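Q: Got a minute to go through a structure with me? I'd like a quick chat about how it is put together.

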Amino acid sequence: MPRQLRARTSRPNYASLLAIGDDRTSSGSDFAPDRLSDDAPENDPEVDEEEVEAVPKQGNTLATAARSRPSTTETRPFHAPPPKSQSAQVSTSKMSAPRAAKTYALPNPSVHHRHKAMPVFLRKEKVERLDAPPTLFDPPKIVSTNSMTSEQFLTDRISRAWGYNVGPGPVWDIMEDRSSFKEASEGEDTSMNESLRRPRVHEDVEVNPGWTRLDERDAARYFPTNTMLTDNGQPAPLHCFLGPYGRQTRVEMAMFDSHATSEYMPGSTSFVFNVGSPAWGVDWCPTYSDDRPHRSYKHYLAVAPFSSRSHSPMIGAKVHRPVPACIQIWGLHSKQENILQEDRSLAGEIKCEMVVCLESGPAFEIKWCPLPSHDQWNEVHMEEHPRKLGLLAGTFEDGSLSIYVVPDPEDVRSKDDDSTRPTSVHIPEPLLRIELEETCCWSLDWANSETIAVGCTNGYVAVYDIGHAIRTGQGSNMLPTHYISIHQSAVRALSWIRIPPTNGSGVPSTSEDPTVLATGGYDGMECLIDIREPHGNIVNRTRDVINSTTYSPFAGGPIMIDHDNSVKAYAISPSTLGRGHVLLEPDGPVWSVSASEYHAQLAVGSADGSCVTTNTLKTTRRGGSVPFFFRKIFQLDYSRKTGEFRMLDHFLPQETQERFTKLKGKQAKKDESETSTSTGVWPPEVGVHRVTWNMGNGLGGAPLLASTTGSGLCRVDWLLGRWMRNKVPYVNVPNMRKEVDNVMDEDSRDEVV
C-alpha cells in the first residue's frame with residue numbers, strides 16, 4: 001500500500017484575530033522611514049529627529065501590549081493543533097501576538113533613510129571659523145567660535161545646518177577643524193591658534209646628504225615612458241578637449257604641461273595638468289600656519305606616476321632594486337603679484353617644480369606626514385644644504401614602506417635653470433625603509449607624526465612606532481609593535497579612526513595614539529580593528545574589491561564601499577556601532593573616496609571617469625525641502641578610434657536614486673532603462689584613481705580637491721558650496737553657533753530656512 005500524506009489542517013491566523021493588520025512589509029525598525037499615505041504631499045516640512053524617535057511605532061506598541069497578556073502558546077507542544085471545535089474567541093484569549101520572524105540576511109540598503117551622525121570625540125574648547133569667503137592665495141579671515149561638539153544642542157543644530165548645503169563643495173560659513181593629534185598643545189589658546197593644534201614636527205631631521213641634482217638627460221630614465229616617444233625621449237603628448245559642451249577646444253598637453261580651465265571656460269576655477277602616466281598616489285603637503293604668508297599661500301601637491309602608461313603591477317610580487325621611478329612635486333601659486341584681490345584666484349597656475357628620482361620602483365600610495373614637517377620659511381636660506389619640504393611616506397613596488405625627506409624646491413633650483421621645466425633631484429636612499437620578508441607593503445596611513453599603519457598583501461596589518469627611528473636614523477630591521485591577521489587577501493584600504501582612546505573613567509587621553517583602524521581587502525571584507533585586541537571585527541562583507549576607505553569626523557565613522565558600487569558610511573558610536581547607510585551610488589566601480597577634517601563633503605572617484613561629491617550630513621529623511629543631491633565635478637571620456645580625450649564639467653546636480661532590486665518583469669526593465677546613464681565597460685584610461693581633499697593648509701585651503709586618472713591627466717578643483725535657496729539656517733552663523741546672547745529658539749528654524 002503506497003504511503004499517503006497526512007491531510008493538512010488549517011490553523012487560525014492569530015494576527016488577523018488580534019486585528020493587528022498585515023504589517024509584513026514593515027521592518028519594525030525605529031530607523032525605518034514612515035510610510036506616507038497616498039494623498040500626502042510630496043514635500044512635507046522636515047520633522048525633527050528627536051520628535052520622530054519619541055513617537056512609538058504602532059507595531060511595537062501592540063507587541064508590547066500583547067506581551068503583557070498571559071500566554072500559553074509557548075507551553076503548548078508543537079505537534080498538537082488546536083481543537084476544531086474550539087471557538088476563535090477562546091483561542092485568541094490564550095494567544096499572544098506573533099513574534100517577528102528572524103532573518104539572517106542583510107537588509108536592502110535604502111537611500112530614503114540615513115542614520116544621524118553621532119560624533120565620537122567631543123571637543124569642548126573653542127575653534128576657528130571663517131568670517132569671509134576664502135579665496136586662493138589670500139590670507140583667510142579667522143574668528144573664534146564655539147565647537148560643534150561642545151554641546152549636544154550645537155551638535156544637532158550645526159548638523160542640520162550642514163544638511164542644507166546643496167553645492168559641490170563645503171559652505172565656508174561653518175567649516176571647522178575637527179582633527180585630533182597627540183602632538184597638539186593643551187591650553188585655552190590652543191583653539192584659536194592653528195600652530196598649536198597642528199604644530200611643526202621633526203624639526204631635527206635633515207635632507208639625506210647623498211642627494212644630487214640631475215640634468216634632463218640623466219633624469220629621463222626616471223620619467224614616465226610610453227611606446228610612442230617624442231624626439232627627447234618623453235611620452236607623446238595627449239590631446240584633450242576642454243571647455244563648454246559643444247564649444248570645446250582641442251588642447252595638446254605634453255608631460256609637465258598644465259592649463260587653467262578658465263582659459264576655455266570663463267569663471268572656472270580648476271586646473272588640468274599631465275604627469276605622463278597613470279598615478280595611484282597623490283597628496284597635499286601640510287604647511288605651518290605662520291609660514292604660509294612667506295610663500296604667498298602656495299600649495300604643494302605630490303603625485304606618484306607609474307613608469308609607463310601600460311604598467312600593471314602584480315600584487316605581492318617584489319621587484320629587485322634599483323628600479324627607476326619618480327615622484328613629482330607640483331606647486332599651485334598665484335601667477336601675478338600686483339593684481340586685484342578679487343581676480344587673484346583666477347590668475348593662479350599649477351606647475352611642476354621638482355621631480356624626485358627614486359630607486360624603489362613606482363609608488364602604490366603616498367602620504368605626507370599629516371602635520372607640518374618642513375623647515376622655516378620666514379628667513380632667507382643662505383646655506384648650501386637645502387631645507388626640507390616634509391616627510392613623504394609611500395608603499396613602493398619593491399615591497400617596502402619607505403619614508404623620504406623631500407628637499408625644498410626653492411633651495412635646489414639653480415639660477416641658470418629653465419623656469420618652465422622642473423628641477424630633477426636624485427635621492428638614492430630613504431630616511432627609513434621597512435620591509436617584511438614574507439609579504440609586500442600595499443597601503444598605508446599615518447595616525448600622527450610618529451605612528452603609521454601598513455596594509456600587507458598577505459592580509460596582515462602592521463603598526464610601527466617610527467618616532468625613535470626617525471630621530472636617531474636607526475631603522476634597520478625594525479619590528480612592528482602590532483602585527484595582526486585580518487583579511488584573507490591583500491589589504492588595499494586602510495584608514496585610522498583619528499580619535500584619542502579613553503581611560504577607565506571615560507575621559508579621552510589626548511596624549512595617546514589612536515587605537516582603531518578601518519580596513520578593506522580584496523576578499524570583500526570590511527573590518528574595524530582595535531589594535532589592543534589581536535583580531536578584526538567584520539562590519540560588512542561584499543563580493544566586490546574594497547579599493548579605498550576614509551574616516552570622516554563629521555559622518556561619525558569610516559566610509560567604505562558596499563556592493564553594487566555603492567558608497568556607505570558606518571557608525572562607530574557605541575549606540576549605533578556598525579550601522580550604516582548609503583551615501584552615493586556611482587555608475588562605475590569606486591576607485592577612491594576622500595573625506596575632510598574641515599567639512600562634511602565626500603569626494604568619490606570611479607572607473608567610469610567621473611569625480612563626484614556629496615554631502616555626508618544630508619537630512620536624515622527624504623521628502624523634506626532639501627533633495628539628496630550629488631554633484632559631478634568632471635567626466636573624462638576617451639575615444640579609442642582617435643585616441644583623444646574629452647573632459648566635461650559644469651554638470652547640473654543629480655538626485656540620488658534608489659536601485660530597485662526586488663522588482664520583476666517589465667517594471668524592473670523600465671526603471672533600469674530610466675536610471676542607467678552609462679555603459680558597463682570603460683577604457684582604463686578614464687578611471688579616476690585617486691581623490692584627496694586638502695587637509696594640511698588650514699581653512700583657507702580646505703575647498704581644494706585633487707584627483708588623478710589612468711591617462712596621466714590630473715586635476716585640481718576649487719569647490720565651494722551654497723545654502724539651499726541661498727538662505728543661511730537660523731538667520732546667521734553667530735546665532736547658529738550661540739556666539740550671541742539672543743539665540744533664536746530651535747523651533748523657529750523653519751521660518752528662516
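A: Sure, let's talk through the overall make-up, the salt bridges, a helix, a cysteine and a surface patch.

Q: What kind of model is this?
A: It's a predicted model.

Q: OK, how many helices and strands in the protein?
A: There are 12 helices and 37 strands.

Q: And how much of the protein counts as buried?
A: 53% of its 753 residues. As for the outside, the protein exposes about 35,700 Å², and carbon and sulfur atoms supply 50% of that area.

Q: What share of the contacts join residues at least 24 apart?
A: 66%, taken among contacts between residues at least 6 apart in sequence.

Q: On to charges. How many salt bridges are there?
A: The count is 32. One of them pairs Arg 197 with Glu 128, at 2.5 Å from N to O. Arg 197 sits in helix H6 (residues 194-197) and Glu 128 in strand E1 (residues 127-130), so to speak a link between distant parts of the chain, 69 residues apart.

Q: Is Arg 197 buried or exposed there?
A: Arg 197 counts as buried because its relative accessibility is 8%, under the 20% cut-off. Glu 128 is buried too, at 11%.

Q: Which other residue does Arg 197 meet in a salt bridge?
A: Asp 177, at 2.6 Å from N to O. Asp 177 is in the loop between helix H5 (152-162) and H6, 20 residues from Arg 197. Both Arg 197 and Asp 177 are buried.

Q: Which residues make up the network of salt bridges?
A: Glu 128, Asp 177 and Arg 197 are among them, along with Arg 198, Glu 365, Lys 367, Asp 445, Arg 498 and Glu 597.

Q: What does Arg 129 pair with?
A: Arg 129 forms a salt bridge with Glu 739, and the closest N and O atoms are 2.8 Å apart. Arg 129 lies in strand E1 and Glu 739 in the segment after helix H12 (733-736), so the pair ties together parts that are 610 residues apart in sequence.

Q: How do the two ends compare for burial, Arg 129 first?
A: Arg 129 is buried, with a relative accessible area of 6%. Glu 739 counts as partly exposed, at 29%.

Q: Back to H5. Is that helix mostly covered or mostly open?
A: Mostly covered, with 9 of its 11 residues buried. The buried ones include Leu 154, Ile 158, Ala 161 and Trp 162, and also charged-group carriers such as Asp 156, Arg 157 and Arg 160.

Q: New topic: where is Cys 352?
A: Cys 352 lies in strand E11 (residues 348-358). Cys 352 is buried, with a relative accessible area of just 2%.

Q: What does Cys 352 touch?
A: Leaving out residues up to four places away in sequence, Cys 352 touches Phe 256, Gln 328, Ile 329, Trp 330, Arg 421 and Pro 422. There's also a C-alpha separation to quote: Cys 352 and Thr 423 are 71 residues apart along the chain, with 8.6 Å between their C-alpha atoms.

Q: Last one, the surface. Which residues form the negative patch?
A: Glu 203, Asp 204, Glu 206, Glu 379 and Glu 383.

Q: Where is Glu 383 found?
A: Glu 383 is in the loop between strand E12 (363-368) and strand E13 (388-396). Glu 383 counts as exposed because its relative accessibility is 60%, and the cut-off for exposed is over 50%.

Conventions:
Residues are numbered from 1 along each chain as its sequence is written. This is a predicted model: local features need pLDDT of at least 70, side-chain atom pairs count only at pLDDT 80 or more; totals for chains, interfaces and linings use all residues. Side-chain values use heavy atoms; hydrogens and water are left out. Patches are made of residues with over 30% relative accessible area and no salt bridge: like charges are joined within 9 Å, nonpolar side chains (Val, Leu, Ile, Met, Phe, Trp, Tyr) within 5 Å. Accessible areas come from the Shrake-Rupley method with a 1.4 Å probe; for residues, only the protein chains shown count as cover. A salt bridge is a side-chain nitrogen of Lys or Arg within 4 Å of a carboxyl oxygen of Asp or Glu. The place of a charge is taken as NZ of Lys, CZ of Arg, CG of Asp or CD of Glu. Helices (H or I, at least four residues) and strands (E, at least two) are DSSP runs, numbered from the N terminus. Buried means under 20% relative accessible area, exposed over 50%, partly exposed in between (1.4 Å probe, protein chains only). Contact means heavy atoms within 4.5 Å.
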